[in-house]
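Biologist: I'm new to this one, so could you take me through a single part of it up close? Pick a loop residue and the strands around it, then work outwards from there.

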Amino acid sequence: MAKTKTYYMPKDDAGKAALLDHLAKHLPAHAATLGLTEADINEVKADAEAFRYTLSALDTVQSNGKRWTAFKNLQRDGGTGGTAYPNVSNLPAPVPAVPLGIVPRLSNLVARIKAARNYTEAIGQDLNIVGTVQLMDIDDIKPIIEIIVRAGRPIIQWSKGDADALEIWVDRNDDRGFGLFTIANSPRITDTTPLPATPIHWKYKAIYRLKDAQIGNWSEVTPVAVGG
């Protein structure tokens, strides 16, 4: 077993909105300690309000879309129901627009906060910007890789989970066997190696890495047709 720390940023939009709301409420109490300006605080508050509005408006639009789709099907094909067009629910009261890139701004702000001279782990916990420590079973962990081909190029996709990276090896059917292709930090990577002139199969396998060392077991070998 190994201890790992999860990333503080929620993966879903609802979680990101909740983090923005939390920072908008709790960050002012730490602003002076962290050297943040009133403009910094107002930006977080505006981003939180704008993103929450967008999610709420999106829910309304999607709900209207479902009702109109159902009505369109009844109108077209017949069935049980009224003939009146569905009411369109009003959107929430609009809020001031903000520049694009709310999450990148949030990430940059958190980086500034953590680099502040007076930042402490306790402040990070209060602001919900510290990941949780988890125990990970590294003995049996095994990556699953998926390979698609676009414009003739193999694209390797994988789920990062709690690992730091994925070590990918490839056998290009050239009598050399498997060799290291790359160590990937992104869950999607394209193999840009020049393609052979005749059709052939390349085979890929991978293993997780944690703290610059291999962990767990190798994935299944996955072949893909290339070239020609």
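Modeller: Let's start with Ala151, which is exposed because its relative accessibility is 81%, and anything over 50% goes in that class. Keep in mind that this is a predicted model. You'll find Ala151 in the loop between S3 and S4. Its backbone is worth a look too: phi is positive, about 55°, even though Ala151 is not a glycine.

Now look at the two strands on either side of that loop. S3 and strand S4, which covers residues 153-158, pair in the antiparallel sense over six bridges. If you want one spot to check by eye, find Ile145, which stands opposite Trp158 in S4. In general, it is backbone hydrogen bonds that pair the strands of a sheet, in either a parallel or an antiparallel way.

Step back a little and a third strand comes in. The sheet is open, with its three strands in the order S3-S4-S7 and antiparallel pairing. Strand S3 (145-150) and strand S7 (188-190) are the edges, and each has a single partner strand, so one side of each has no neighbour in the sheet. On average, neighbouring strands here are turned by 25° against each other, ignoring direction.

Next, have a look at Phe181, which sits in strand S6 (residues 179-184). Leaving out residues up to four places away in sequence, Phe181 touches Ile156, Ile168, Trp169, Val170, Arg172, Thr190, Asp191 and Thr193. Take one of those partners, Asp191: Phe181 and Asp191 are 10 residues apart in sequence, and their C-alpha atoms are 8.5 Å apart in space.

Ala151 has a counterpart as far as phi goes. Asn128 also has a positive phi, near 60°, in a residue other than glycine. Asn128 belongs to the loop between helix H5 (121-126) and strand S2 (133-136). Asn128 counts as partly exposed because its relative accessibility is 40%.

On to the helices. Helix H3 (residues 38-77) and helix H4 (residues 102-115) have axes that come within 11 Å and cross at roughly 145°. That crossing is left-handed. On the H3 side, Asp40, Glu43, Val44, Asp47 and Phe51 meet Ile102, Arg105, Leu109 and Arg112 of H4. Thr69 is in helix H3 as well, and with a relative accessibility of 40% it counts as partly exposed. The C-alpha atoms of Thr69 and Pro86 are separated by 10.0 Å, with their positions 17 residues apart along the chain.

Finally, zoom out to the whole thing. The protein chain has five helices and 10 strands. Its radius of gyration is 25 Å, well over the 17 Å that the globule rule gives for 228 residues, so the chain is more spread out than a compact globule. The C-alpha trace spans about 65 × 65 × 35 Å along its principal axes. Of the 228 residues, 34% count as buried. The accessible surface comes to about 13,900 Å², and carbon and sulfur atoms account for 54% of that. As for contacts with a separation of 6 or more, 66% are between residues 24 or more positions apart.

Methods. Residues numbered from 1 in each chain as written. Predicted model: local features only at pLDDT ≥ 70, side-chain atom pairs only at ≥ 80, totals over all residues. Heavy atoms only, no water. Pairing = 2+ DSSP bridges. Helix = DSSP H or I, 4+ residues; strand = E, 2+ residues; numbered from the N terminus. Axes fitted to C-alpha atoms, helices over the stretch in contact; angles between N-to-C directions. Buried < 20%, exposed > 50% of the residue type's maximum accessible area, 1.4 Å probe, protein only. Rg over C-alpha atoms; globule rule 2.2 N^0.38 Å. Contact = heavy atoms within 4.5 Å. Areas by Shrake-Rupley, 256 points an atom, 1.4 Å probe, with all protein chains shown as cover. Left-handed = near helix turned anticlockwise from the far one by under 90°.
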